[in-house]
Amino acid sequence: MQVSSDQKTREQIGLSLVAIATELARELNPERPRIGGLTGSLERDWGFDSLTRAELLLRVERAFSVRVPDALLGEAETLEDVVPALAGAPILPSLDLARSDPVQEKAVEPAPSHLSTLTEVLDWHVREHGDRVHVTLWQDIGAETTLTYRELAERSRVAALALVRAGLEPGERVAIMLATGFDFFAAFFGVLYAGGVPVPIYPPARPSQLEEHLNRQAGILRNAGAVFLVAPPAASAIARLVK
C-alpha cells in the first residue's frame, strides 16, 4: 500500500505536535505521567487549561513558522484537530513581534507617585492625555484594535454603574470570567470604580466546557466570597445552577 505525500506530511505534523506538547507538559508538571498523544484530550489527558493552550499556540507557530487563528487551539479537542489547519488550510505568515516596528508614541511623564489606586491612575491619564492609546489587541488576521485611556474609563464607569445598581457593596468580590479583550478590561476597572474587588478567573477553552469549567471554579468563587460573576451571556443559566 502506497502512502501519499499528503499523508506523510500530516503524520510528520502530528509527531511534531506531540513533541511540542510533551515538552510543554513536562515543563509544567514533570511528575505528571504522559498519557496524552495525538488523539488524547487536551484538557483531560494533557492537562492544558486556556493559558497553557495559548503558550502551546505560540510554540506551534514558532515551530512551523506560521500564523494560525487564536481560536484554533481553543476550539480543538485534541492535537489531531490541529493537523488539518497546519497541513492544508490557508495560513498567514508568522508574526515576528521581535522584528516588527514598535508603536511610536510621544513620550509622556509617568503618573504621579502619590496616586494610590488604579482608578486614580487611570483618571489622571484621562485628564492628561485621554486620547493616547492604552491597550492594543492583535487580531487573528494580523489587524489590531486599540483602546484609549478615555474609552477605557468611559466603558468602565458604565460597568461600575451597572454593578452598583445590581446591589454591589463596597469591598465585595466580583468574579470576572472573560477572555482577554476590551470587555475584560472594562469589567476589571468597572469593579474598581464601583468599590469592589475584581477576581479574574480563566474562561473555558470552549463554550461546550462551560458547565464543567464553572463547577471546577466553584471552589475558587466560594473561597473568594464572590457575590457577582461577570461572564458571557451563555454562562447565565449555568451560573445559576452553580450558585
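A crossing of two helices is left-handed if the near helix is turned anticlockwise from the far one by less than a right angle, and right-handed if clockwise. Keep that handy for the exercises below.

This is a predicted model, in which local features need pLDDT of at least 70 and side-chain atom pairs count only at pLDDT 80 or more, while totals for chains, interfaces and linings use all residues. Residues are numbered from 1 along each chain as its sequence is written, and side-chain values use heavy atoms, with hydrogens and water left out.

**Exercise 1. Work out how α5 meets α7.**

Step 1: find the elements. Helices (H or I, at least four residues) and strands (E, at least two) are DSSP runs, numbered from the N terminus. Helix α5 covers residues 118-129.

Step 2: take the geometry. The axes of α5 and α7 come within 9 Å and cross at roughly 110 degrees. Here axes are lines fitted to C-alpha atoms, for helices over the stretch in contact, and angles run from 0 to 180 degrees between N-to-C directions.

Step 3: classify the angle. Under 35 degrees counts as roughly parallel, over 145 as roughly antiparallel, 65 to 115 as roughly perpendicular and the rest as oblique. α5 is therefore roughly perpendicular to α7.

Step 4: apply the opening definition. α5 passes α7 in a left-handed crossing.

Step 5: list the contact (heavy atoms within 4.5 Å). α5 brings Leu118, Thr119, Leu122 and Asp123, and α7 answers with Phe188, Phe189, Leu192 and Tyr193.

Step 6: sort these residues by class. Ala, Val, Leu, Ile, Met, Phe, Trp, Tyr, Cys and Pro count as nonpolar, Asp, Glu, Lys and Arg as charged, and the others, Gly among them, as polar. The tally for α5 with α7 is 6 nonpolar, 1 polar and 1 charged.

**Exercise 2. Do the same for α6 and α7.**

Step 1: helix α6 (residues 149-166) packs against helix α7 (residues 182-193) at an angle of about 60 degrees, and their axes are 7 Å apart.

Step 2: the two helices are therefore oblique to each other, and α6 passes α7 in a right-handed crossing.

Step 3: residues of α6 in the contact include Leu152, Ala153 and Leu163, while those of α7 include Phe182, Phe185 and Gly190. By class, the contact of α6 with α7 holds 11 nonpolar, 2 polar and 2 charged residues.

**Exercise 3. Lay out the sheet beside α7.**

Step 1: an open sheet is formed by 3 strands in the order β6-β5-β7, with parallel pairing. Two strands pair if DSSP finds at least two bridges between them.

Step 2: at the edges lie β6 (197-200) and β7 (226-230), each pairing on one side only. From one strand to the next the twist averages 30 degrees.

Step 3: β5 (residues 173-176) and β6 share 4 bridges in the parallel sense, and isoleucine 176 stands opposite proline 200 in β6.

Step 4: α7 packs on this sheet and touches β5, β6 and β7, its direction making about 150 degrees with that of β6.

**Exercise 4. Is glycine 40 buried or exposed?**

Step 1: glycine 40 sits in the loop between α1 (5-28) and α2.

Step 2: buried means under 20% relative accessible area, exposed over 50%, and partly exposed in between (1.4 Å probe, protein chains only). Because its relative accessibility is 6%, glycine 40 counts as buried.

Step 3: leaving aside neighbours within four places in sequence, glycine 40 is in contact with Asp45, Trp46, Glu77, Thr78 and Leu79.
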